[in-house]
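Hi,

Here is the model I promised to pass on. Have a look at it first, and then read on for what I found.

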Amino acid sequence: DRDMDAAAKWIRRAAEQGYAQAQVNFGTMYQNGDGVVRNLVKAAEWYGKAAEQGYADGQFNLGMLYQNGHGVERNIQKAVELYRKAADQGHAKAADALRSMP
């Protein structure tokens, strides 16, 4: 779809300039295959860029990939660490994920 292709182009530009929300959005596009070819490794890379900036959505999304081994090697300890960082910022889904961890 041409609209998604155009969106991907603009979101990528913002992501490359270091905007954490755009990095999460671009990661989500890769995770879902919206406007780009689905690629979980690239999704993890973009979520990681946002997570490194302390952005809670990036931490949570990357944590989910680590918990499930999607695009990265499964690592429950890393998932918990990322969830905790996001939950400490008030991210409700991350707090829920922590409570549901074995």
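Let me start with a question: leaving aside its neighbours within four places in sequence, which residues is Q31 in contact with? Bear in mind while you look that this is a predicted model.

The contacts of Q31 are R38, L40, A43, Y47 and L65, with neighbours within four places in sequence left out. Q31 sits in helix α2, and its relative accessible area is 19%, so it counts as buried, the cut-off being under 20%.

Some background on the whole chain before I go further into that helix. There are six helices and zero strands, so to speak a plain α-α-α-α-α-α pattern when read along the sequence. The radius of gyration is 13 Å, which agrees with the value near 13 Å that a compact globule of 102 residues would have. Along the principal axes, the C-alpha atoms fill a box of roughly 45 × 25 × 20 Å. Buried residues account for 39% of the 102 residues. The accessible surface is about 6000 Å², and carbon and sulfur atoms hold 46% of that. As for contacts between residues at least 6 apart in sequence, 38% of them join residues at least 24 apart.

Now back to α2, where I spent most of my time. This helix covers residues 20–32, 13 residues in total, and reaches 18 Å from its first C-alpha to its last, close to the expected 18 Å. Its buried residues are A20, A22, Q23, V24, F26, G27, M29, Y30 and Q31, and they pack against α1 (2–16), α3 (40–52) and α4 (56–68). After the helix comes G33, with a positive phi near 75°.

Two other residues of α2 are worth a look alongside Q31.

- Q23, also in α2, has 4% relative accessibility and therefore counts as buried. A polar atom of its side chain lies 3.3 Å from the backbone nitrogen of A50. Residues up to four places away in sequence aside, Q23 touches A15, G18, W46, K49, A50 and Q53.
- T28 is in α2 as well, but at 27% relative accessibility it counts as partly exposed. Not counting residues up to four places away in sequence, T28 touches Y47 and N61. The C-alpha atoms of T28 and N39 are separated by 9.9 Å, with the two residues eleven apart along the chain.

If you display Y47, you will find it among the contacts of Q31 and among those of T28.

Then there is the core. Which residues touch the most other members of the largest nonpolar core? They are F26 and L62, out of 29 residues in that core. Each of α1, α2, α3, α4, α5 (76–87) and α6 (92–100) supplies at least two residues of this core. In soluble globular proteins, nonpolar side chains tend to be buried together. F26 is one of the buried residues of α2. As for L62, it touches A44, Y47, G48, A51 and L82, again not counting residues up to four places away in sequence. So Y47 turns up here too, as a contact of L62.

If you open the model, I would begin at Q31 and its contacts, which include R38 and L65, then go to Q23 and the polar atom 3.3 Å from the backbone nitrogen of A50, and finish at F26 and L62 in the core.

Cheers

Notes. Residues are numbered from 1 along each chain as its sequence is written. This is a predicted model: local features need pLDDT of at least 70, side-chain atom pairs count only at pLDDT 80 or more; totals for chains, interfaces and linings use all residues. Side-chain values use heavy atoms; hydrogens and water are left out. Helices (H or I, at least four residues) and strands (E, at least two) are DSSP runs, numbered from the N terminus. The expected span of a helix is 1.5 Å times one less than its number of residues. Buried means under 20% relative accessible area, exposed over 50%, partly exposed in between (1.4 Å probe, protein chains only). Contact means heavy atoms within 4.5 Å. A nonpolar core is a set of buried Ala, Val, Leu, Ile, Met, Phe, Trp, Tyr and Cys residues joined through side-chain atoms within 4.5 Å. The radius of gyration is taken over C-alpha atoms; the globule rule is 2.2 Å times the number of residues to the power 0.38. Accessible areas come from the Shrake-Rupley method with a 1.4 Å probe; for residues, only the protein chains shown count as cover. A polar contact is a pair of N or O atoms within 3.5 Å; within protein, one must be able to donate a hydrogen and the other to accept it, and residues adjacent in sequence count only if both atoms are side-chain atoms.
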